[in-house]
Amino acid sequence: MTPRARPRLRDLTSADSSRVHEITAATGVFREEELEIAAEVFRDCVAAPGPSGGGVGAGVGAELQLRPYYALGAELENRLVGWICWGQTPCTEGTWDLYWMAVDPAAQGAGVGSALVLEMERRLTGRARLVSVDTSGRADYGPTRAFYEAVGYRAVARVPDFYAPGDDQVIFTKALPE
Ligand SMILES: CC(C)(COP(=O)(O)OP(=O)(O)OC[C@H]1O[C@@H](n2cnc3c(N)ncnc32)[C@H](O)[C@@H]1OP(=O)(O)O)[C@@H](O)C(=O)NCCC(=O)NCCS
């Protein structure tokens, strides 16, 4: 068996916006409105990149100063194939949200998503107690839920009809080591 190529992880800038949008849209699971929100979140992530790989949304409004977002990209053969974005959950002690992630369908199943989650968790170790991620209970999100379980997240709650009638919210969490 040939070993998997290891993705190269890097910080993202506004120059990556269109490729990030392309990847997110190509997954085929997000509605148009969600794609717009993903693009907005990404813009906030890279609005004022922090010094150590965290795009801190400073300077773009008081709300974002309180709620910075961080983003990271993954490349295979020098092409961006995945991204992830996370931030501290307001009004909590040490809880962080994985807000968004997407991997180009052509690169899925090759370890890119898990590399992104692992690096997010590495950066959060010592700062975060709990990582939380919401996803849909829809059948087409089955692979997404399987992915979160595979990388150590546990489905802890389900809110019926949260996104739309018949489209439940499933909340996954993972406790990080102190
Ligand atoms: C979910 C997603 C980010 C996973 O990224 P990925 O690069 O394909 O995931 P990985 O290759 O790192 O998979 C890690 C493990 O997750 C599990 N997994 C991944 N895809 C799976 C699938 N389609 N079905 C079942 N399990 C799956 C496997 O256990 C896998 O380990 P293995 O390859 O050793 O078997 C990607 O599929 C994606 O972008 N999906 C659409 C967008 C999305 O749902 N984003 C999250 C929004 S909440």
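These notes cover the ligand, its surroundings and the pocket in this model.

1. Status. The model is predicted. Every point below should be read with that in mind.

2. Who surrounds the ligand. The ligand has 23 residues around it. Arg4, Val103, Gly113, Ser114 and Thr144 are the closest of these. Sorted by class, this shell holds 13 nonpolar, 8 polar and 2 charged residues.

3. Contacts to ligand oxygens. Gly109 places a backbone N or O atom 2.8 Å from an oxygen atom of the ligand. Gly113 also has a backbone N or O atom 2.8 Å from a ligand oxygen. Ser114 works through its side chain: a polar atom there lies 2.6 Å from an oxygen atom of the ligand.

4. Burial. The ligand taken alone exposes 930 Å². The protein buries 72% of that area.

5. Where the shell comes from. Four elements are listed as giving two or more residues to the shell around the ligand: strand S4 (95-103), helix H4 (112-124), strand S5 (130-136) and helix H5 (142-150). H5 gives the most, with 6 residues.

6. The pocket. Which pocket does the ligand take up? The space taken by the ligand is the largest pocket. The volume of this pocket is about 1,000 Å³. It is lined by 40 residues. Phe30, Met101, Tyr141, Thr144 and Tyr148 are the closest to its centre. Thr144 is thus named twice, among the residues closest to the ligand and among those closest to the pocket centre.

7. Elements in the lining. Helix H2 (32-46), S4, H4, S5, H5, strand S6 (154-164) and strand S7 (167-175) each give two or more residues to the lining of the largest pocket. S4 supplies the largest share of this lining, 7 residues. For the ligand shell, H5 is the element that gives the most.

8. Character of the lining. By class, the lining of the largest pocket has 21 nonpolar, 10 polar and 9 charged residues. For the shell around the ligand, the charged count is 2.

Key: Residues numbered from 1 in each chain as written. Predicted model: local features only at pLDDT ≥ 70, side-chain atom pairs only at ≥ 80, totals over all residues. Heavy atoms only, no water. Near = heavy atom within 4 Å. Polar contact = N/O pair within 3.5 Å; in protein donor to acceptor, adjacent residues only side chain to side chain. Areas by Shrake-Rupley, 256 points an atom, 1.4 Å probe, with all protein chains shown as cover. 1 Å grid on protein atoms, 1.4 Å probe; cavity = no way out; pocket = protein on both sides within 12 Å on 5 of 7 lines; lining within 4 Å. Sits in = over half its atoms within 2 Å of the grid points. Nonpolar A, V, L, I, M, F, W, Y, C, P; charged D, E, K, R; others polar. Points joined across faces, edges and corners; volume = space filled by probe spheres on them.
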